[in-house]
Amino acid sequence: MARSVAVNDDPERSLPWLSFTLAGLMVALFATFGPAPEAWVYDRAAIAAGEWWRLFSGHWVHSDTGHLLWNLGALLLLGSIVESRSRPALIAGLAAGALGVDGLLWFALPELSHYCGLSGALNAVLLLALFAVWRGSSSAVPVLIGVLSLAKIVLELISRQALFTHTAWASVPEAHLAGWLVGLALVIDWHLPRRCKIGYRTGRMMRLFRYRF
């Protein structure tokens, strides 16, 4: 019978080396190629022409220094929280969040030609981090933060501008909402009874994520 793995059983796993490695990658890309490098950003026309790597690389490049620093801080904080519980969960959150944002950009926002930045995918990681903190303390604070983060996104959708950041490229709150909803879906899937979980039927790897989170 499978059993849950205690989060502190492996001290090495609690070190957020992946979060710091990914943060270093973002800094290295910015230092090497500069802001919003043409060959790396999400470019709808270029993707349609076959440059599929932009669906991945667009999340890891940024429009200016401020954009980079905001996402760098969020990745280090939220990524470390999630990774200290489960490194596979962090990978799943970033990957699913990025896919969710890509799907929204491609199918729901055909008029948006260019996009870059990790903030959309990080909203999925935010929900995982809040879930991890809530699960460890049963405090209402993570739930409140989650509700406030959704309220912020809704206000940005209404006002069509970011509340706290001002970057060279305009904010895309729809991408933040896509990431937030993906994170919520992951939390629900991992928290529901096993017989109700969609992921439980999708394969061994998703079961591993749940047992270790």
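Here are some numbered points to help you find your way around this predicted model.

1. **How far to trust it.** Let's begin with confidence. The protein chain has an average pLDDT of 87, and 83% of its residues score at least 70. Two stretches need care. Residues 1–12 stay under 50 in pLDDT, and the model gives them 13 contacts beyond four places in sequence. Residues 195–206 are also below 50, with 16 contacts beyond near neighbours in sequence. Where pLDDT is low, the predicted coordinates should not be read in detail.

2. **The overall build.** Count the elements as you trace the protein chain and you should find nine helices and two strands. In sequence order, the pattern reads α-β-α-α-α-α-β-α-α-α-α. Of the 213 residues, 45% count as buried. If you take the contacts between residues at least 6 apart in sequence, 73% of them join residues at least 24 apart. As for the surface, the protein chain exposes about 11000 Å², and 70% of that comes from carbon and sulfur atoms.

3. **The largest nonpolar core.** This core has 38 residues, and among those with the most contacts inside it are Met-26, Trp-60, Leu-75 and Leu-118. Which helices each supply at least two of its residues? They are H1 (17–33), H4 (65–85), H5, H6 (119–137) and H8 (173–191). H6 gives the largest share, with ten residues. There is also a second, separate core of nine residues, and Ile-47, Val-101, Leu-109 and Tyr-115 belong to it.

4. **Trp-60, a good residue to click on.** Is Trp-60 buried or exposed? Its relative accessibility is 8%, so Trp-60 counts as buried, the limit being under 20%. Setting aside neighbours within four places in sequence, Trp-60 is in contact with Leu-22, Met-26, Leu-29, Leu-75, Leu-94 and Leu-118. Of these contacts, Met-26, Leu-75, Leu-94 and Leu-118 are also listed with Trp-60 among the residues with the most contacts inside the largest core.

5. **Aromatic pairs.** The count of aromatic pairs comes to three. A pair of aromatic rings is described by the distance of the centres and the angle of the planes. In one pair, Phe-33 and Trp-40 sit 5.2 Å apart, centre to centre, with 40° between the planes, and the pair is tilted. Phe-33 is partly exposed at 43% relative accessibility, and Trp-40 is partly exposed at 28%. Another pair joins Phe-56 and Trp-60: the ring centres are 6.4 Å apart and the planes are at 45°, so this pair is tilted too. Here the two partners have different surroundings, since Phe-56 is exposed with a relative accessible area of 58%, whereas Trp-60 is buried at 8%.

6. **Asp-64 and its polar contacts.** Look for Asp-64 in the loop between helix H3 (54–57) and H4. With a relative accessible area of 18%, Asp-64 is buried, because the limit is under 20%. Which backbone nitrogens does the side chain of Asp-64 reach? One is that of Gly-66, at 3.2 Å, and another is that of His-67, at 2.7 Å. Leaving out neighbours within four places in sequence, Asp-64 is in contact with Phe-30, Pro-35, Thr-167 and Ala-168. Asp-64 and Gly-117 are 53 residues apart in sequence, yet their C-alpha atoms are 9.9 Å apart in space.

7. **His-67.** This residue lies in helix H4. His-67 is buried, with a relative accessible area of 11%. Not counting residues up to four places away in sequence, His-67 touches His-62, Cys-116, Gly-117 and Thr-167. Thr-167 is therefore a contact of both Asp-64, buried at 18%, and His-67, buried at 11%.

8. **Arg-87.** You will find Arg-87 in helix H5 (residues 87–108). Arg-87 is buried, at 13% relative accessible area. Its side chain makes a polar contact with the side chain of Glu-83 at 2.6 Å. A polar atom of the Arg-87 side chain also lies 2.7 Å from the backbone oxygen of Leu-15.

9. **Ala-39, in a loop.** Ala-39 is in the loop between H1 and strand E1 (42–43). At 37% relative accessibility, Ala-39 is partly exposed. Beyond residues up to four places away in sequence, Ala-39 touches Trp-53 and Arg-54. Its C-alpha atom is 9.2 Å from that of Gly-58, 19 residues apart along the chain.

Definitions and conventions
Residues are numbered from 1 along each chain as its sequence is written. This is a predicted model: local features need pLDDT of at least 70, side-chain atom pairs count only at pLDDT 80 or more; totals for chains, interfaces and linings use all residues. Side-chain values use heavy atoms; hydrogens and water are left out. pLDDT is the predictor's confidence in each residue, from 0 to 100. Contact means heavy atoms within 4.5 Å. Helices (H or I, at least four residues) and strands (E, at least two) are DSSP runs, numbered from the N terminus. Buried means under 20% relative accessible area, exposed over 50%, partly exposed in between (1.4 Å probe, protein chains only). A polar contact is a pair of N or O atoms within 3.5 Å; within protein, one must be able to donate a hydrogen and the other to accept it, and residues adjacent in sequence count only if both atoms are side-chain atoms. Accessible areas come from the Shrake-Rupley method with a 1.4 Å probe; for residues, only the protein chains shown count as cover. A nonpolar core is a set of buried Ala, Val, Leu, Ile, Met, Phe, Trp, Tyr and Cys residues joined through side-chain atoms within 4.5 Å. Rings of Phe, Tyr and Trp (its six-membered ring) pair if their centres lie within 6.5 Å; planes under 30 degrees apart count as stacked, over 60 as edge-to-face and the rest as tilted.
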